[in-house]
Amino acid sequence: MADIKEPLIPKIGVVTDIRIDTPDVKTFRVVTPDGKKAFDHKPGQCAMLSIPGVGEAMFSITSSPTNTEFMEFSIKKCGCVTEWLHSMEVGQEITIRGPYGRPFPVDTEFAGHDMLFVAGGIGLAPLRSVINYCRHYRDRYGKIDIVYGSRSMQDLVDYKEIIDEWATDAGVEVHLTIDREQPEWDGHVGFVPNYVKELGFSTDKIAVLCGPPIMIKFTLAGLQELGFDKTQVYTTMELRMKCGIGKCGRCNIGAKYVCKDGPVFRFDEIDELPDEY
Amino acid sequence: MRKISLKKIDSLFSAIAENSVLYMPVDTKTGAKFEQWENGKELSDSLNTVRSAKDFFFPQTENLMDFKVEGKKIEVIDSRSETEDFVVFGVRACDVKSFDVLDKVFLAEPQDSYYKNRREHGVIMSLACTKPNETCFCTTFRIDAAEPAGDVVCYKTDDAFYMDAKTEKGKKLLSALEGITEAADDTAVTEQQKLTRERMSKLPLASLKADAFGNGKTKEFFDRPEWKELSESCLGCGTCTFVCPTCQCYDIKDFNTGHGVKRFRCWDSCMYSDFTKMSAGQPRLTQLERFRQRFMHKLVYFPTNNDGMFSCVGCGRCLAKCPIQMNIVKVMKKLGGNSNG
Amino acid sequence: MQEIKREVLVNKASELLKNGTVDRVFGWKKGEFDYDITPALFTTAEDIENEFVWGDFCGANFSKYLIKETGKSENKVLVFLKPCDTYSFNQLLTEHRFDREKVYAVGVPCNGMLDTGKIKSSAEGISKVTDNGDKVVIETLFDGEITLDRNELLPDRCLNCKSKKHVAYDELLGEDGAVLDSNRFDEVEKLEKMTPDERFAFWQNELSRCIRCNACRDVCPACTCEKCVFDNPNSGVENKAATNEFEEKMFHIIRAFHVAGRCTDCGECSRVCPQHIPLHLLNRKFIKDIDSFYGEYQAGAEVGSRAPIVNYTTEDIEPGDAVRRNENA
């Protein structure tokens, strides 16, 4: 019955590279067995990865669609499936299906605007795709500011790429912060929401937030204090998912399914949803 | 319309069963149940089956695929088998309507091919109700128990079965049965429908209205204080969801057989505490949130996403089966106000 | 018919609310039909006056609700307990599952509760059920009325009632009854007399109807784990549905083992099963075996009693003897 297209049946992916980002985050490079990208995606979309016998889980695709060779997933170790993924070696096959969800409106609402990306901890993973997309099509966007913070210097994901590539780009400014003082750190110390307010961005831009709920809450409040409207601020959400296609019934917030209607939402859209996430 | 004498009903069933597997409700000591027909099995006279008919298209468990895992290599094996032609006889109007609800979910893009295959291979011979139960409230959702949908609609009178094809699939089935059936006018059927509708109007829940709910009412009902009282004694079991013909939430799980991995799908319930639990947290912390989810989904979220269609068909199974006798009727009356009878 | 009238319970609840003994009352709330009765928490005398019911369909055992409810407030909650409920109440106290000081328990005599399933299988379209003592009149929507012996409509747990005596209460309404000589092990004996193949076929048939809704577990006063092994994804046995039919047997058999020695035989599991599986027979088999191996023991008869299977004595039966007994049977 190979002719029937079934969204729940995955493809095989091969892990060709594993990068240790932080003590609990690894980035996995995945291609098909014949060395190609498993499928095309847009920034902000997700994919279901699984290890047969262990389970399947949804992850945001960390690499940019402009990368034509492979996909990357930055994954924090926090449960059954992620623990298994972290124990993998290069050459391991996994299953992959997708892409799922509504992407960031990179070619419509974002086009032509200054961009402000705010991330905390592993929250950088979904933003890395859109940041690299904007960097790739640099002339389509105005100034890009990136505020990124983590518990410690060691917990900053993609640190090398941030320093070597992002910070050296023209028109891209990177603002890093860590929660507590560290001897080897000479950058900013403090929580992300406060740092955003200190930096005091002008309101003529689009902001994209991703991080722990508490960071989102206070960053949004800070941006509103600076004069941002909710229609200028986007985020990407995460709830438990099984199907990825709006059928299994568990990732809804009100009438919206995060897997299908999200994961990307604008804050004025979130206002329309009941408070259950 | 075609008819066959009740005395010859077995010849009808055996003629159908010649070409496809035939299922119908039969009586057991614990209530009516859909079973495969074979000579000697009699059609149940019960109003409805204990379990709904959703199993035919969305079974409680089904194998989605197999995996062969060898070292670092994985092979996906498509082991589907849902391509057998079958006929389901005796489906009531509420259960037939539940297929429309399930279609909205499983046949929305991207389509679920397991469900779709079964839908394509199944022929529904519905059966008009004549004697509704006190727990019936299909009329609330504008379902006519006397005139169900389906591929072939059947009416059972005191002496005969009347059959009317409504779809191409139904016409094909009926024309294959022309040798043993005879043409009939609809006098007896119309008479029966009149009586049934009269009975429907006298049911205790006949005046229940769903008008207060529907498309776009999320904010109106989500924070209502009554949810606390309504959900107070809910046990958090899955009985209501599992007997419900329209509940379609599922889980996907892997099972290591020792010779390979089976990935199966099984019914899940929003009433269960682990339904939305993630390593990162739990958006529905108490039974109140889970209980609210189930009823908001049926009465508000589903209609919001499906042009006002409710995902309840008024079959009354949850009224009969909830261990603590809490159900959608009580929720509708409590939240919908006095206008709901 | 219940010997104590609704008014007596309503007055008692109102009195205890008004004099401040309690600020919440567990009771049964009327619904759409005579049998459609929901366990509920009342907080005002007015709600009690309007919605509290007491009668033949008040089977729900409130003991387990006390765990959650007593954790919510420092004030006392009133609970009405039928004789069988008091055994669950005591058993939960033995297991330190709630604070006795936060409960005011009122014992209510019980004449047996009617089985909705039996009523529904004897008539369709139930519009009214009237209990005249020995006879029950069932009025229907379209078939007139039928009159049946009340005994025909009792569930197994009430037909084989083990005790009309309340083993726990602060106050008792009416006269207390006695521990009864019940025939509750007759059905178990029937199963024991079967050949292993017959017995396997019996349970195979019964358990094949299981839909894994977990109602039996969720209602069971002995099932009070914070996290059930069957809900724990790391347990290796977590499952909502059968990967094969063995799963269902495993679920029920493990559950029966887990409540062995603690099950008071309240019968709630069988009452709530939507598929009418006689689950109580599994538990009764354990009770009967415990009785025959270690001497008669009724879980919940007194607070703090040690169940024989968690209480080693030098007189305990040798495991080998237990096995051989089964061989001889």
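This report walks through chains A, B and C of a predicted model.

## Chain A: overall build

Let's start with chain A, which has six helices and 15 strands. Its radius of gyration is 18 Å, close to the 19 Å that the globule rule gives for 277 residues, so chain A is as compact as a globular protein of that length. Measuring tape aside, the C-alpha trace of chain A spans about 60 × 45 × 35 Å along its principal axes.

How much of chain A is buried? Buried residues make up 55% of its 277 residues. The contacts also reach across the sequence: take those in chain A with a separation of 6 or more, and 70% come from residues 24 or more positions apart.

## Chain A: a six-stranded sheet

Six strands of chain A form an open sheet, and the order is E4-E3-E6-E1-E2-E5, with antiparallel pairing. At the edges sit E4 and strand E5 (71–76) of chain A, each of which pairs on one side only. Going from one strand to the next, the twist averages 40 degrees.

If you want to look at one pairing in detail, try strand E2 (residues 25–31) of chain A with E5(A): these two pair in the antiparallel sense over six bridges. A:Val25 is a handy place to begin, since its bridge partner in E5(A) is A:Lys76. As a reminder, strands of a sheet pair through backbone hydrogen bonds, either parallel or antiparallel.

## Where chain A meets chain B

The contact between these chains takes 37 residues from chain A and 39 residues from chain B. Which elements of chain A give two or more residues to the side that touches chain B? They are strand E4 (55–60) and strand E6 (93–100) of chain A. E4 of chain A is thus a name to remember twice, as it is also an edge strand of the open sheet.

What is that side of chain A made of? By class, it has 18 nonpolar, nine polar and ten charged residues.

## Chain B: a mixed sheet with a helix on it

Chain B has an open sheet of eight strands, in the order E3-E2-E6-E7-E8-E9-E1-E10, and here the pairing is mixed. Its edge strands are strand E3 (31–36) and strand E10 (182–183) of chain B, each pairing on one side only. Helix H4 (residues 168–176) of chain B packs on this sheet, where it touches strand E1 (2–5), E7, strand E8 (152–156) and strand E9 (160–165) of chain B. The direction of H4 makes about 135 degrees with that of E9(B).

For a parallel pair, look at strand E6 (residues 86–91) and strand E7 (residues 122–127) of chain B, which are joined by five bridges. Within that pair, B:Phe89 has B:Met125 in E7(B) as its bridge partner.

## Chain C: domains and a hairpin

The domain assignment of chain C gives domain 1 (6–113 + 162–172), domain 2 (116–153) and domain 3 (186–328). The C-alpha centres of domains 1 and 2 of chain C lie 27 Å apart. Between these two domains, five residues of domain 1 are in contact with six residues of domain 2. The domain 1 side of that contact has three nonpolar, no polar and two charged residues.

Chain C also has a hairpin worth a look. Strand E7 (residues 135–140) of chain C runs antiparallel to E8(C), with five bridges joining them, and C:Val137 has C:Thr147 as its bridge partner in E8(C). Four residues lie between the strands, and C:Gly144 in this hairpin takes a positive phi near 70 degrees. Is strand E8 (residues 145–149) of chain C well covered or hardly covered? Hardly covered: the count of buried residues among its five residues is zero.

Note on methods: Residues are numbered from 1 along each chain as its sequence is written. Chains are lettered from A and ligands numbered from 1 in the order in which they are written. This is a predicted model: local features need pLDDT of at least 70, side-chain atom pairs count only at pLDDT 80 or more; totals for chains, interfaces and linings use all residues. Two residues are in contact if their C-beta atoms, placed from the backbone, lie within 7 Å. Ala, Val, Leu, Ile, Met, Phe, Trp, Tyr, Cys and Pro count as nonpolar, Asp, Glu, Lys and Arg as charged, and the others, Gly among them, as polar. Two strands pair if DSSP finds at least two bridges between them. Axes are lines fitted to C-alpha atoms, for helices over the stretch in contact, and angles run from 0 to 180 degrees between N-to-C directions. Domain bounds come from an automatic or database domain assignment. A residue is buried if 20 or more other C-beta atoms lie within 10 Å of its own, exposed if 12 or fewer, and partly exposed in between; C-beta atoms are placed from the backbone. The radius of gyration is taken over C-alpha atoms; the globule rule is 2.2 Å times the number of residues to the power 0.38.
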